[in-house]
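I opened a new model today and kept notes on each thing I looked up. The entries follow in the order I made them.

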Amino acid sequence: AVSVQAADLCECIRVYIDKILEYAGVVLRKLPAEVAATVNRNGVYLSGGVMKIPYVPQYIGSKLEMRYHVCEEPQYASVLGGGALVRDKDLLNAFCKEKE
């Protein structure tokens with residue numbers, strides 16, 4: 001076992017976070033005006049276990065230059081959202097139709 005501090009991880013993962021932010025920027029620039037206005041007003045929602053590393057949410061917010069929100073348990077957000085989708089047949093059908 002090895003003990004690792006969050007500061008030790010910063011440089012290791014920064015390149016990956018920057019690449020994700022590059023793609024996020026592309027998506028944000030392609031949003032319709034009314035959706036972009038809502039996102040700019042409300043901010044972005046961040047999930048994933050990496051959001052538990054202290055500097056990561058602040059770094060993302062500063063790079064995107066917008067407000068951010070981190071889920072209460074970010075490492076479970078995708079799984080919980082997928083579970084909610086599977087439990088709601090109407091929502092699942094709407095989601096599947098959008099993908100066709």
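Is Cys-71 buried, partly exposed or exposed? I looked up its relative accessible area and got 27%. Cys-71 is therefore partly exposed, because that class lies between the 20% limit for buried and the 50% limit for exposed. I note here that the model is predicted.

**Cysteines**

I checked Cys-96 next. Its relative accessibility is 37%, so Cys-96 also counts as partly exposed. Then I searched the whole structure for disulfides. The search returned zero. For my own reference, a disulfide joins the sulfur atoms of two cysteines by a covalent bond.

**Around Gly-48**

Where does Gly-48 sit? I found Gly-48 in the loop that runs between β1 (44-46) and α3 (56-64). Gly-48 has a relative accessibility of 23%, so I logged it as partly exposed. I also took the distance from Gly-48 to Cys-71. They are 23 residues apart along the chain, and 8.7 Å separates their C-alpha atoms. Which residues does Gly-48 contact, once neighbours within four places in sequence are left aside? I listed Pro-74 and Gln-75.

**Helix α3**

I went through α3 for buried residues. I wrote down Val-56, Pro-57, Tyr-59, Ile-60, Gly-61 and Leu-64. What covers the buried residues of α3? My list includes α1, β1 and β2 (68-70). I then looked just past the end of α3. There Glu-65 takes a positive phi of about 55°.

**Aromatic pair**

How many aromatic pairs are there? I counted one. The pair is Tyr-55 with Tyr-59, with ring centres 5.8 Å apart and planes at 55°. I logged the pair as tilted, because 55° falls between the 30 degrees limit for stacked and the 60 degrees limit for edge-to-face. Are these two tyrosines buried or exposed? Tyr-55 has a relative accessible area of 18%, and Tyr-59 has 11%. Both values are under 20%, so I entered Tyr-55 and Tyr-59 as buried.

**Nonpolar patch**

I turned to the surface last. Which residues make the nonpolar surface patch? I found Val-2, Val-4 and Leu-9, with a patch area of about 270 Å². I followed up on Val-4. Val-4 lies in the segment before α1 (6-30). Its relative accessible area is 49%. The limit for exposed is over 50%, so I kept Val-4 as partly exposed.

Technical notes: Residues numbered from 1 in each chain as written. Predicted model: local features only at pLDDT ≥ 70, side-chain atom pairs only at ≥ 80, totals over all residues. Heavy atoms only, no water. Disulfide = S-S within 2.5 Å. Buried < 20%, exposed > 50% of the residue type's maximum accessible area, 1.4 Å probe, protein only. Patch = residues over 30% accessible without salt bridge, like charges linked within 9 Å, V, L, I, M, F, W, Y side chains within 5 Å. Areas by Shrake-Rupley, 256 points an atom, 1.4 Å probe, with all protein chains shown as cover. Salt bridge = Lys/Arg side-chain N within 4 Å of Asp/Glu carboxyl O. Helix = DSSP H or I, 4+ residues; strand = E, 2+ residues; numbered from the N terminus. Contact = heavy atoms within 4.5 Å. Phe/Tyr/Trp six-rings, centres within 6.5 Å; stacked < 30°, edge-to-face > 60°.
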